[in-house]
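Hi,

Here's the structure I promised to send over. Have a look at it first, and then read on for what turned up.

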Amino acid sequence: MERKTSYDVVVIGGGPGGYVAAIKAASRGASVALVEKERLGGTCLNWGCIPTKTLIANAELLRQIRRSEEYGISVGEVSFDFAKMTERKDRVVKGLRDGLRGLIESNGIAIFKGHGRFTGPNEIKVLGENNALLQAKATIVATGSEVRSMASFPFDWERVHSSTSILDLKRLPRRLVIIGGGVIGCEAASLYRLLGCEVVILEMLPLIISPEGEEVSRLLRAALEKEGIEIRTEVMVEGIDRTGDGISVRIKGEKPIVGDMALVAVGRKLNTDDVGLERAGVVVGLSGAIPVNERLETNIPGIYAIGDITGKYLLAHMASHQGIVAALNCTGERVNMDYRAVPSVIFTHPEVATVGYTLQRAKAAGYDAQVGRFPFQALGKSQAAIELDGFAQIVVDRKSGEILGAQVMGHEASLLIAEATLAIANELTVESVSDTIHAHPTLAESWLEAALLANDMPLHLPPRKPASKSLKEGGL
Ligand code: NAI
């Protein structure tokens, strides 16, 4: 039966953007309804970050066990049960989802299970398990994105997979052909390679993960190739045919590439076409993204948009942060978004993490920038842990000393990027990092060393110039 209820804030979409916005608004005393048509936690928890990182944790442990001889440990023949790995992944996801429901309910938020569509600027109709007509003083739209399919090579979810359907594999492919060398393509390549599959990446651009810039792309490519992944760039995929027991990928002007499964990871489609935005008068751009101001408000006062549909970054943590900003703005505060320090992590082996400007982009933006790069190989902790591949680098404005960006590749890059993000978010200088005591022996010392290098004052690497010429005022 249809019911009508009024709320201060209605949030459409229960992913990491929407549920965080709902909790924040509720914690500020607003009455909040959260509308979700599928599963709480959205893509990230159910079909993205969490299931993939659970499988990656399995694969990384397997890799460690396989190289145990390097540490003087003999373990004999190593085998694994892929079905058990996927069962663990499903348990982790379910446990987190159940916990999330409890958390949302403990904040007094009403959950409506169904598809939410605007019927007017202040009214949302929910159709599904719960039918309702909700009145909203403010609405936060957080409907995310979904897998993009290509007309010329559609999914069959059996041999031609999306990033969602591949998570339900019961057996590993022998040879996996991945179309798209973006974040999903590279993470999947790394995972399935660690699990022993042959992997080929086909990317139409000259670079894999091209938004990360040329240097990071080149270094990751070399690292993935070292792991045995075949990478072909500047290839135009024309179609995928099913063969006797596998697939054959047709490539323009070249011989087809065969495998027993394909993963198509060519970007995502923003979910803005079935939310009734036109009925609310909300403008949607040609790309499907919703233009918002710095407070995340759309062209209609009281309607906010957050997460993937703002078309800025398709990152869970970005959506959550935008959720907080939107929730504050629709509960009486005035807060602006700041996009200077958005970390991005690619969970390949090795991990890659970046924040802020690359050297190239800093120079293009007019900064007199320089870089300080410290290799993990020169760290005691890296030697102790036998994790020698990788580096941390800081991009600095020579004039002010401000840290503009940072890139790190290697063991625990996902953890290490936090320090650089904090530094950039707080407009810290290289001296703030080099004057800070870093615990020894840790990989985080690479930031201290990179900061010293950016000032031409290396400690654990030979000097680039005579020490007398590079001494600077201030700093320790
Ligand atoms: P993406 O935009 O990162 O990469 C897609 C790639 O496919 C591009 O390099 C593109 O040039 C290539 N491509 C497109 N059409 C092609 C064709 N016909 N043949 C060959 N290559 C083709 O998209 P992806 O990897 O699907 O990821 C979607 C989004 O999800 C991204 O924005 C990503 O940032 C986000 N994501 C983030 C993660 C993280 O932060 N760790 C993990 C997974 C996804």
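Below are my notes on the nonpolar cores and on the cavity search.

One thing to keep in mind: this is a predicted model, and the values here are computed from it.

Let's start with the cores. The largest nonpolar core has 56 residues. If you want to find your way into it, go to Val10, Val32, Phe118, Leu134 and Ile140, which have the most contacts inside this core. Strand β6, residues 132–141, gives the most to it, with six residues.

Leu134 is a good one to click on. Setting aside its neighbours within four places in sequence, Leu134 is in contact with Thr5, Tyr7 and Val10, with Ala33 and Val35, and with Phe112. The rest of its list is Asn122, Glu123, Ile124 and Val126.

There is also a second, separate core, this one of 36 residues. Leu169, Leu194, Val216 and Ala223 are among them.

Now the cavities. How many of 30 Å³ or more does a search of the whole structure find? Just one, and the space in it comes to about 40 Å³.

Its lining is made up of Ile394, Ile403, Ala406, Glu419, Ala420, Ala423, Val433 and Trp447. Two elements give two or more residues to that lining: β22 (403–410) and α11 (413–425). The largest share, three residues, comes from α11. Sorted by class, the lining has seven nonpolar residues, one charged residue and no polar ones.

That's what I have for now. Shout if anything is unclear.

Cheers

Conventions: Residues are numbered from 1 along each chain as its sequence is written. This is a predicted model: local features need pLDDT of at least 70, side-chain atom pairs count only at pLDDT 80 or more; totals for chains, interfaces and linings use all residues. Side-chain values use heavy atoms; hydrogens and water are left out. A nonpolar core is a set of buried Ala, Val, Leu, Ile, Met, Phe, Trp, Tyr and Cys residues joined through side-chain atoms within 4.5 Å. Buried means under 20% relative accessible area, exposed over 50%, partly exposed in between (1.4 Å probe, protein chains only). Helices (H or I, at least four residues) and strands (E, at least two) are DSSP runs, numbered from the N terminus. Contact means heavy atoms within 4.5 Å. On a 1 Å grid over the protein atoms alone, a cavity is a set of points where a 1.4 Å probe fits but cannot get out, and a pocket is an open set with protein on both sides within 12 Å along at least five of seven lines; lining residues have an atom within 4 Å of a point. Grid points are joined across faces, edges and corners, and a volume is the space filled by probe spheres set on the points. Ala, Val, Leu, Ile, Met, Phe, Trp, Tyr, Cys and Pro count as nonpolar, Asp, Glu, Lys and Arg as charged, and the others, Gly among them, as polar.
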